[in-house]
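Let's walk through this model together, one contact at a time. Keep the viewer open and follow along as we go.

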Amino acid sequence: MEPNGNPESSATPSRRKWLRRGLIGVAVSIVAIAVIVGFLPTILSGSIGRSLITGAVQPMVQGEVSISDLSLSWSGPQVIRGFAVKGKDGASIRVDVTANNGLIGLAR
C-alpha cells in the first residue's frame, strides 16, 4: 500500500508494463504474419508447392505425376514448367502451363 493509502497506485506501473509487452507481442505477431504472407508465393514455388500440387493430382490419375519447375507470384504470371503425367502403361504427357493472372487475380 502506498503512503497515501491508495493500493492501486503500486500495481499501475506493473499493469502498464504488461500492457506494453502485450501490445509489442501483438505488433510483432502481425508483422511476422505479414512477412510470411508476402513471401508465400516464393515459399510455394519451391519443393513444397510442387509436392502439394503433385500430391493433389496423384490420386486422380493412374500413374506418376511430376513438375519440373513452379513459379508463383502475387501479381505476375503463374508458371508450371514440365508438368508430366506418366501412365502405368508407359504413355506420358508433358506440358507447360502459364496463367497470366497473379494469385490475387485468380483468387477473385
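**A salt bridge and the strands around it**

In this predicted model, the side chains of Asp69 and Arg81 form a salt bridge, with an N to O distance of 2.5 Å. This pair links distant parts of the chain: Asp69 belongs to strand E2 (residues 69–71) and Arg81 to strand E3, 12 residues apart. The count of salt bridges comes to 1. As general background, side chains of opposite charge can pair when their charged atoms come close. How covered are the two partners? Asp69 is partly exposed, with a relative accessible area of 29%, and Arg81 is partly exposed too, at 39% relative accessibility.

The backbone tells a matching story, as Arg81 in E3 is also the bridge partner of Asp69. E2 and E3 pair in the antiparallel sense over 3 bridges, and a hairpin joins E2 to E3 through 6 residues.

Now follow E3 to its other partners. With E1, E3 shares 4 bridges, and the two strands run antiparallel; here Gly63 has Gly87 in E3 as its bridge partner. With strand E4 (residues 92–99), E3 shares 7 bridges, again antiparallel. Lys86 stands opposite Ser92 in E4. In the hairpin of E3 and E4, 4 residues lie between the strands, and Gly90 takes a positive phi near 100°.

Is E3 mostly covered or open? Mostly covered: 8 of its 10 residues are buried. E3 also features in the largest nonpolar core, which has 7 residues: Val57, Val65, Ile67, Leu70, Ile80, Phe83 and Val85. The largest share of this core, 3 residues, comes from strand E3 (residues 78–87). In soluble globular proteins, nonpolar side chains tend to be buried together. Zoom in on Val85 and, leaving out residues up to four places away in sequence, you will find that Val85 touches Val61, Glu64, Val65, Ala91, Ser92 and Ile93.

For a contrast, look at Gln62, in the loop between helix H3 (47–57) and strand E1 (63–66). Gln62 counts as exposed, at 65% relative accessibility. Leaving aside neighbours within four places in sequence, Gln62 is in contact with Lys86, Gly87 and Lys88. The C-alpha atoms of Gln62 and Gly87 are separated by 6.0 Å, although these residues are 25 apart along the chain.

One last stop concerns the aromatic rings. The structure holds 0 aromatic pairs, but Arg21 lies over the face of Trp18, at 4.9 Å from the ring centre.

Key: Residues numbered from 1 in each chain as written. Predicted model: local features only at pLDDT ≥ 70, side-chain atom pairs only at ≥ 80, totals over all residues. Heavy atoms only, no water. Core = buried A, V, L, I, M, F, W, Y, C linked by side-chain atoms within 4.5 Å. Buried < 20%, exposed > 50% of the residue type's maximum accessible area, 1.4 Å probe, protein only. Contact = heavy atoms within 4.5 Å. Salt bridge = Lys/Arg side-chain N within 4 Å of Asp/Glu carboxyl O. Phe/Tyr/Trp six-rings, centres within 6.5 Å; stacked < 30°, edge-to-face > 60°. Lys NZ or Arg CZ within 6 Å of the ring centre and 35° of its normal. Pairing = 2+ DSSP bridges.
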